[in-house]
Amino acid sequence: QVQLVESGGGLVQAGGSLRLSCAASGRTSSNQDTAWFRQAPGKEREFVTTIGWNGLNTYYADSVKGRFTISRDNAKNTVYLQMNSLKPEDTAVYYCAAVRRYSGNYIDPGTWNYWGQGTQVTVSS
């Protein structure tokens, strides 16, 4: 069992920055592949980015590439999402997710076994 708790969401103007954190606890919490998803009202849950358990491999959705950066600190059992140059279309509830090891298809939410409660990000124009 792994528990995930997101924090750092809030209200920011377009062009601003925000950093989200995902703190993990429980058995093997430092050895998980991890991802961020987001969901806006009336829309499907959307893949944002993922990072491998050792921090060596990262992938980003085209919509956030060049603006968002995912990182992790396994000593703190925490994954971060640095969001720069925020746009109104980035407004959503952001969720972190984890799995022991995925075998491709990380864009599919069904790949991920554990989910946090989400944190709201609102970008004003």
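1. Arg-67 and Asp-90 are both buried in this predicted model, and a good place to begin reading the structure is the contact between them. Their side chains meet in a salt bridge, with 2.8 Å from N to O. Arg-67 lies in the loop between β6 (58-60) and β7 (68-73), whereas Asp-90 lies in the loop between β8 and β9, so the pair ties together parts that are 23 residues apart in sequence.

2. Asp-90 also takes part in a salt bridge with Arg-38, where the N to O distance is 2.9 Å. Here the partner belongs to a strand, for Arg-38 is found in β4 (residues 33-39), while Asp-90 sits in the loop between β8 (78-83) and β9 (92-99); the pair therefore ties together parts that are 52 residues apart in sequence. Asp-90 has a relative accessible area of 1%, which means that it counts as buried, and Arg-38, at 6% relative accessibility, is likewise counted as buried.

3. Arg-38 has a further partner in Glu-46, and the closest N and O atoms of this salt bridge are 3.0 Å apart. Is Glu-46 buried or partly exposed? With a relative accessible area of 28%, Glu-46 is partly exposed, because the buried class is reserved for values under 20%. Taken together, Arg-38, Glu-46, Arg-67 and Asp-90 are linked in a network of salt bridges, and the structure as a whole holds 4 salt bridges.

4. The aromatic side chains deserve a separate look, since a search of the whole structure finds 5 aromatic pairs. One of them is formed by Phe-37 and Phe-47, whose ring centres are 5.7 Å apart and whose planes make an angle of 75°, an arrangement that is edge-to-face. Phe-37 belongs to strand β4 and Phe-47 to strand β5 (residues 46-51), and the pair links distant parts of the chain, the two residues being 10 apart in sequence. Phe-37 and Phe-47 are both buried.

5. Which residues make up the aromatic cluster that includes Phe-37 and Phe-47? Alongside these two, the cluster contains Tyr-59, Tyr-106, Trp-112 and Trp-115. Trp-115 should be kept in mind for the next point, where its ring appears again with a charged partner.

6. Arg-45 has its charged end over the ring of Tyr-95, at 3.9 Å from the ring centre. The charged end of Arg-45 also sits over the ring of Trp-115, in this case 4.9 Å from the centre. A student viewing the structure may find it helpful to display Arg-45 together with the rings of Tyr-95 and Trp-115.

7. The last point concerns a covalent link, and the count comes to 1 disulfide. In general, a disulfide is a covalent bond between the sulfur atoms of two cysteines. In this model the disulfide joins Cys-22 to Cys-96, with 2.1 Å from S to S, and the link is right-handed, with 65° about the S-S bond. Because Cys-22 lies in strand β3 (residues 18-26) and Cys-96 in strand β9, the pair ties together parts that are 74 residues apart in sequence.

8. Where do the two cysteines stand in terms of burial, buried or exposed? Cys-22 has a relative accessible area of 3% and is therefore buried, and Cys-96, with a relative accessible area of 0%, is buried too.

Technical notes:
Residues are numbered from 1 along each chain as its sequence is written. This is a predicted model: local features need pLDDT of at least 70, side-chain atom pairs count only at pLDDT 80 or more; totals for chains, interfaces and linings use all residues. Side-chain values use heavy atoms; hydrogens and water are left out. Buried means under 20% relative accessible area, exposed over 50%, partly exposed in between (1.4 Å probe, protein chains only). Helices (H or I, at least four residues) and strands (E, at least two) are DSSP runs, numbered from the N terminus. Rings of Phe, Tyr and Trp (its six-membered ring) pair if their centres lie within 6.5 Å; planes under 30 degrees apart count as stacked, over 60 as edge-to-face and the rest as tilted. A charge sits over a ring if NZ of Lys or CZ of Arg is within 6 Å of the ring centre and within 35 degrees of the ring normal. A disulfide is a pair of cysteine sulfur atoms within 2.5 Å.
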